[in-house]
Amino acid sequence: MSSIAAVSFKTGQPAPPDLGLGECEDLKDENEKNRAEVVKRMEAQKATPNGRWTEEEERVLNMAKGTGMTFSTGTNNLANATSQLSACSNAVAQSKAPDLLSGGGTSEQVNGMNKMKRHSCDEQYDAEKEKAGVLCDKSHIHPGGGFGGHAEPKIVNDLTNQVGAAAIRGGKMLFNIDWRNKNFNSGMPCQHCYKMLCHAAKECDIKIYICSEGKESYELSADDCEKDGSYSALCMKVDGSPTPGR
Ligand SMILES: [Zn+2]
């Protein structure tokens, strides 16, 4: 018998992910690999003689190669969840690599709900809210208009469905975000996705971390979420500027 004291891990609990340098680099590689793979597969499709190739696919290919598309990868230590998930903000791009990119949950989750319905206490919307809700006890609903189809919500939608709305509470999530806008590249979530991540931190006690370009990860502090200018403050850490853009 060994006399060395056992390291105490609770049975069945995964060890917390190392939210350090290597992890952010791995997630960055994953985003780049996924983007390159979508481009490669779409170019192969385009080059197929007599193959089907639409104007929309041409537009999406150009976005994947240039700007207008976000690829994100998230890792987590939630029980019963796939520990690492990647997603892309564009549904056509996702359809070219469903083996690599998250499907993003149900159409109700992706579509979200408009502000009036989300904030209404009228029970006529309860069933709709139940279908669209994500995170702990389905307490968050994405705004209508496509925001639930951004890359980070897709990851959160899938995780909610994997873990279950009752259990998606506590634990850690780390995101590396590759947002390529017409005017800038950024590692930040947009304002809407930031709100969702703040909700996860505040209401569901999930520790949220975002990778900076310097490959460090910064916690999105639940306390900071309350403050004016908290988005800019996180942006300073992640992008080195008060608004998204490196
Ligand atoms: Zn977003």
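Student: What radius of gyration does the protein chain have, next to that of a compact globule?
Tutor: Keep in mind that this is a predicted model. With 246 residues, a compact globule would come out near 18 Å, so the chain's own value agrees with that. The C-alpha trace spans about 70 × 55 × 40 Å along its principal axes. The radius of gyration of the protein chain is 19 Å.

Student: How confident is the predictor, and where does pLDDT stay under 50?
Tutor: Over the protein chain the mean pLDDT is 90, and 91% of the residues reach 70 or more. One stretch stays under 50, and for it the model has 5 contacts beyond four places in sequence. That stretch is residues 1-16.

Student: What share of the contacts in the protein chain join residues at least 24 apart?
Tutor: Let's set the scene: the chain has 10 helices and 6 strands, and buried residues make up 39% of it. For your share, we count contacts between residues at least 6 apart in sequence. Of these, the part joining residues at least 24 apart is 68%.

Student: Which helix gives the largest share of the largest nonpolar core?
Tutor: That core has 50 residues, and those touching the most other members are Cys-88, Leu-159, Leu-197, Ala-200, Ile-208 and Ile-210. The largest share of this core is 7 residues, and they come from residues 191-203, which is helix H8.

Student: Which residues is Ile-210 in contact with, leaving aside its neighbours within four places in sequence?
Tutor: Ile-210 is one of the core residues that touch the most other members. Its contacts include Phe-175, Ile-177 and Gly-187. The rest of the list is Ser-217, Tyr-218, Leu-220, Leu-234 and Val-238.

Student: Does Ser-217 count as buried or exposed?
Tutor: Ser-217 is found in strand S6, residues 217-220. A residue needs 20 or more C-beta neighbours within 10 Å to be buried. Ser-217 has 23 of them, so it counts as buried.

Student: Which residues of H2 are buried, and why do they line one face of the helix?
Tutor: Helix H2 covers residues 55-65. Looking down the axis of H2, the buried residues fall within an arc of 105°, so they line one face. On the other side, Glu-55 and Glu-58 are exposed. The buried ones are Val-60, Leu-61 and Ala-64.

Student: What covers the buried residues of H10?
Tutor: Helix H10 spans residues 230-238, and its buried residues are Tyr-231, Leu-234, Cys-235 and Val-238. They fall within an arc of 105° seen down the axis, so they line one face of H10. Just after H10, Gly-240 takes a positive phi of about 80°. The cover over the buried residues includes H8, strand S5 (207-211) and S6.

Student: Where is Asn-80, and what is its phi near?
Tutor: Most residues other than glycine have a negative phi. Asn-80 has a positive one, and it sits in the loop between strand S1 (69-76) and strand S2 (84-88). With 10 C-beta neighbours inside 10 Å, Asn-80 counts as exposed. Its phi is near 70°.

Student: How does Asp-137 count, and what is its phi?
Tutor: Asp-137 is in the loop between helix H6 (126-132) and helix H7 (151-163). With 13 C-beta neighbours inside 10 Å, Asp-137 counts as partly exposed. Although Asp-137 is not a glycine, its phi is positive, at about 55°.

Notes
Residues numbered from 1 in each chain as written. Predicted model: local features only at pLDDT ≥ 70, side-chain atom pairs only at ≥ 80, totals over all residues. Buried ≥ 20, exposed ≤ 12 C-beta atoms within 10 Å, placed from the backbone. Helix = DSSP H or I, 4+ residues; strand = E, 2+ residues; numbered from the N terminus. Arc of directions from axis to C-beta. Core = buried A, V, L, I, M, F, W, Y, C linked by C-beta atoms within 7 Å. Contact = placed C-beta atoms within 7 Å. Rg over C-alpha atoms; globule rule 2.2 N^0.38 Å. pLDDT = per-residue confidence, 0-100.
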